[in-house]
Amino acid sequence: MQPTMDRREREGLPQAPRLVSGDLPPEEPIPSYTGPSFVTDDPELSRLTPAELYELNQGMLNDAVPDRPLIDQLKHIAVLRSEYEHGTPAFLQQIDYLRSQGYNGIRRTRGDGDCFYRSLAFAFVERLMNSEEEELEFSVMSAISTLESVLPMLEAAGFQKLVYEDFYETFVSIIKQIVEPDRLDHSNLTPALLLEAFQSPEVSNSVVVFLRLLTSAQIRTDPDSYADFLFNPELGEPMAPREFCESFVEAVGKEADHVQMTALSRALNVNFSVAYLDGRSKDGTVDFVQFDSGNDYGSEPMVLLYRPGHYDILERRSQEPLE
Amino acid sequence: MASISARRLRKELSEIHVEGCPVGINLLSADNFEQWLLSLEVMGESQYPGEVFALKFRFDPNYPISSPAVQFVVDGKYTSPVHPHVYSNGHICASILGNEWSPVLSVIGICVTLQSMLASCKKKERPQDNDRYVLHAPDNPKKTRFHYDVDTV
């Protein structure tokens, strides 16, 4: 854990490849680094690699644009398409394919490395909220009892109660609000209140942390199921479950990959699928990867949209329900 | 509603009062939810026999989602431990305080981790870029982007 750059440079070692965790989809303009003009007081800057500079830039951009919402309103997928019009046709073809499959809307999340967890949490609550009237109460109670039932797993994974309970309570109180008025809002959860909650960093990030802990606990308490799939995403080396969870699941802002998604599907007992919009399809279709470790057969799975390094929510509706 | 940092720190504080601190760690001051001071001593055989250090924790309202700013106190009474990951101004290069921060860690958890970092020290020396770093270091160590080796501590 000592500063490595100097040593690497001195010994002429190449910089280890780093994943850019800036997390922006490729078609959005990559801010070009035009010299140290905005951070001239930092002599270290000139020693950074382009990848590190890019990452630094991303961090600063996110800091500098605090009003970029953590999660945005539902937008028509044509908005996404228009951003690719000057890009590769492969993406356009794939977006058209998604439309032909009935996906008309996209709900975007901020590219902060928490986007998978945030997207899934939002979609999870929204789907509960959209349950059929006669099933609403049952769906909400089932979800809450699932969450209650994972608490012993969190304990078994070695997390102290004081570590998880605030995050747990935040998540559960949003779900409860679907069926009973909240003390603060004096209202049941509406689409607008849900969006507001997930745009508030305090609530939104608490839910993200809770899902991270849940994912980690699932892996830690069932290491045999996951051990063969735990690799350091930066170095490609196998990792022990505990180290993997500490560095790449529990740590804030670390992106989720297949293993984390599988574990969370199992822990939350839900199914979802991920549409891979990667511009690589030969026939212009989009692969949907299913995560169906849950038991909620019957209901349509939630769908996330993956573009390299980033997750958003894919929807059949193209605009917010009027309410 | 109290900020998440106040809710969490209140619980951490009550746990410290109920269960006490691990050996070698003591609470020096915690009379608000912005800044705490704890003392740290390495028990058993080590490079630091008899040396007592103080750690300053600064919390923003998003703790524990955001990491606390943690540094060794350097004043008339305390000094910064001589260690390859600790700068003479008290700043600490440890990935758990930076890009590997997780809300699973608590104040005491951090103290224990730093205690074992000191305990496993083989040779008392400063980071190689100490002088250059200290010259330009920001007041808040969280504003520094340290580069971490794959854990060698």
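Across all chains of this predicted model, the count of aromatic pairs comes to 22. A pair of aromatic rings is described by the distance of the centres and the angle of the planes. In chain A, the rings of Tyr276(A) and Tyr306(A) have centres 4.9 Å apart and planes at 50°, and because planes under 30 degrees apart count as stacked and those over 60 as edge-to-face, this pair is tilted. The two tyrosines join distant parts of the chain, since Tyr276(A) belongs to strand β3 of chain A and Tyr306(A) to strand β5 of chain A, 30 residues apart. Both Tyr276(A) and Tyr306(A) are buried.

A second example comes from chain B, where Phe57(B) and Phe59(B) form a stacked pair, with 6.2 Å from centre to centre and 20° between the planes. Phe57(B) has a relative accessibility of 0% and therefore counts as buried, while Phe59(B), with a relative accessible area of 8%, is buried as well.

The pair of Tyr276(A) and Tyr306(A) can also be placed in a wider setting. Ring pairs link Tyr276(A) and Tyr306(A) with Phe116(A), Tyr117(A), Phe272(A), Phe291(A) and Tyr311(A) into a cluster.

**The sheet of chain A**

The secondary structure of chain A comes to 12 helices and 6 strands. An open sheet of 6 strands in this chain has the order β1-β2-β6-β5-β3-β4, and its pairing is mixed. At the edges of the sheet stand β1, residues 71–76, and β4, residues 287–291, each of which pairs on one side only. From one strand to the next, the twist averages 30°.

Two helices can be described against this sheet. Helix α8 of chain A, residues 191–199, packs on the sheet and touches β1 and β2, the latter covering residues 105–109, and the direction of α8 makes about 130° with that of β1(A). Helix α12 of chain A, residues 258–268, lies across β3 (272–276), β4 and β6, and runs at about 50° to β4(A).

Within the sheet, strand β5 of chain A, residues 302–307, and strand β6 of chain A, residues 310–315, pair in the antiparallel sense over 4 bridges. Leu304(A) stands opposite Ile313(A), which lies in β6(A).

**The two chains in numbers**

The table sets out values for each chain, and the contacts it lists are those with a separation of 6 or more.

| Chain | Buried residues | Contacts between residues 24 or more positions apart | Accessible surface | Share of carbon and sulfur atoms in the surface |
|---|---|---|---|---|
| Chain A | 50% of 323 residues | 74% | about 15100 Å² | 51% |
| Chain B | 49% of 153 residues | 60% | about 7100 Å² | 52% |

**The build of chain B**

Chain B has a secondary structure of 3 helices and 4 strands, and from the N terminus on its elements run α-β-β-β-β-α-α. The radius of gyration of chain B is 15 Å, which is close to the 15 Å that the globule rule gives for 153 residues, so chain B is as compact as a globular protein of that length. Along its principal axes, the C-alpha trace of chain B spans about 45 × 35 × 35 Å.

Key: Residues numbered from 1 in each chain as written. Chains lettered and ligands numbered in written order. Predicted model: local features only at pLDDT ≥ 70, side-chain atom pairs only at ≥ 80, totals over all residues. Heavy atoms only, no water. Pairing = 2+ DSSP bridges. Axes fitted to C-alpha atoms, helices over the stretch in contact; angles between N-to-C directions. Contact = heavy atoms within 4.5 Å. Rg over C-alpha atoms; globule rule 2.2 N^0.38 Å. Buried < 20%, exposed > 50% of the residue type's maximum accessible area, 1.4 Å probe, protein only. Areas by Shrake-Rupley, 256 points an atom, 1.4 Å probe, with all protein chains shown as cover. Phe/Tyr/Trp six-rings, centres within 6.5 Å; stacked < 30°, edge-to-face > 60°.
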